[in-house]
Amino acid sequence: ASRPLLNPKAPKLAVLFPPWHGGGWAFERLTKRLVQNDYTVLSYVFHDELLKPDAEQVIESFSYLQNSVALELNNLVRHHKYKQVHLIGASLGNVAMAMVSDRFRDFTSATFVAAGASLATCMWQGVRTQHIRHELEAQGWNQATIERKWVKLAPSKYARAFAGKQVQAIVSKTDEIIPAKSQKAFVEELRAAGVNPEVTSTLFGHITTIGKYCLAGRF
């Protein structure tokens with residue numbers, strides 16, 4: 001679900017795709033900064049059960065998000081002639097943002113904060129999602145089979161949608177929640193798709209990387 005539009009008469013639009021369990025105070029600060037910079041802000045709120053140990057349900061949830069958000073954004077942009085439309089994703093929110101970009105092309109720029117190339121890899125290897133991995137393993141899944149099952153949930157699959165757009169990627173080199181290796185792989189996938197991302201690397205961990213972007217990052 002999305003929150004009501006904030007600052008609805010502004011000439012630019014920012015669309016926020018939050019981390020799992022929400023962006024909290026950091027996203028509130030980011031929203032405030034965007035409003036001060038003349039953006040209308042549309043901030044999504046995702047269900048805590050978006051990621052769970054039910055392989056089929058996770059696909060259905062993200063597919064529903066992809067369709068409903070793209071529909072909402074296409075309608076919004078049709079009614080308001082925004083000068084710019086900027087997408088901002090953090091952590092798990094990047095999965096939804098990448099999938100939406102395949103159905104909503106009228107954005108001008110995007111920021112990926114701690115984005116992994118593959119949801120399946122990040123879930124399997126990330127320290128925060130080991131309980132989900134263990135439950136899936138008990139159901140008979142392994143990393144290779146869940147990678148195949150969740151292929152449409154891999155942000156790298158949608159890298160081409162960002163070609164010709166202004167893209168920045170904030171990469172944490174020490175992240176263990178969205179493993180650093182997967183973030184690096186995603187940047188490489190963007191480049192392979194003809195995107196020329198502006199990459200900022202940091203040694204801060206996952207939560208601090210997102211927090212610092214929300215407080216002081218460029219959009």
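## The largest pocket

In this predicted model, the largest pocket holds about 230 Å³ of space. Its lining is made of 13 residues, and those closest to the centre of the pocket are Pro 19, Gly 22, Gly 23, Ile 207 and Ile 210. Try finding these five in the structure to see where the middle of the pocket lies.

Which helix gives the most to this lining? That is α8, with four residues. Both α1, which spans 24–36, and α8, which spans 206–216, supply at least two residues each. As for chemical character, the lining of the largest pocket has six nonpolar residues, six polar ones and one that is charged.

## The second largest pocket

Next comes a pocket with about 160 Å³ of space, the second largest. Around it you will find Ala 1, Val 45, Phe 46, His 47, Glu 49, Leu 50, Lys 52, Gln 57, Ser 61, Tyr 64 and Leu 65.

How do these lining residues divide by class? Six are nonpolar, three are polar and two are charged. Glu and Lys count as charged, so Glu 49 and Lys 52 are the charged pair in this lining.

## The largest cavity

Let's turn from pockets to cavities. The model has two cavities of 30 Å³ or more. In the largest cavity there is about 110 Å³ of space. Its lining includes Trp 20, Leu 51, Met 123, Arg 128, Thr 129 and Ile 177.

By class, eight residues of this lining are nonpolar, two are polar and one is charged. Which residue is the charged one? Arg counts as charged, so Arg 128 fills that place in the lining of the largest cavity.

## The second largest cavity

The second largest cavity has a volume of about 60 Å³. Among the residues that line this cavity are Asn 94, Val 95, Ala 115, Gly 116, Ser 118 and Pro 155. Two helices, α3 (93–101) and α4 (119–125), each supply at least two residues of the lining.

How many charged residues does this lining have? There are no charged residues here; the lining has seven nonpolar and four polar residues.

## Residues to look for in both cavities

Some names turn up in both cavity linings. Ser 91, Leu 92, Leu 119, Cys 122 and Ile 178 line the largest cavity, and these residues also line the second largest cavity. If you select Leu 119 in the viewer, you are looking at a residue that lines the largest cavity and the second largest cavity too.

Definitions and conventions:
Residues numbered from 1 in each chain as written. Predicted model: local features only at pLDDT ≥ 70, side-chain atom pairs only at ≥ 80, totals over all residues. Heavy atoms only, no water. 1 Å grid on protein atoms, 1.4 Å probe; cavity = no way out; pocket = protein on both sides within 12 Å on 5 of 7 lines; lining within 4 Å. Points joined across faces, edges and corners; volume = space filled by probe spheres on them.
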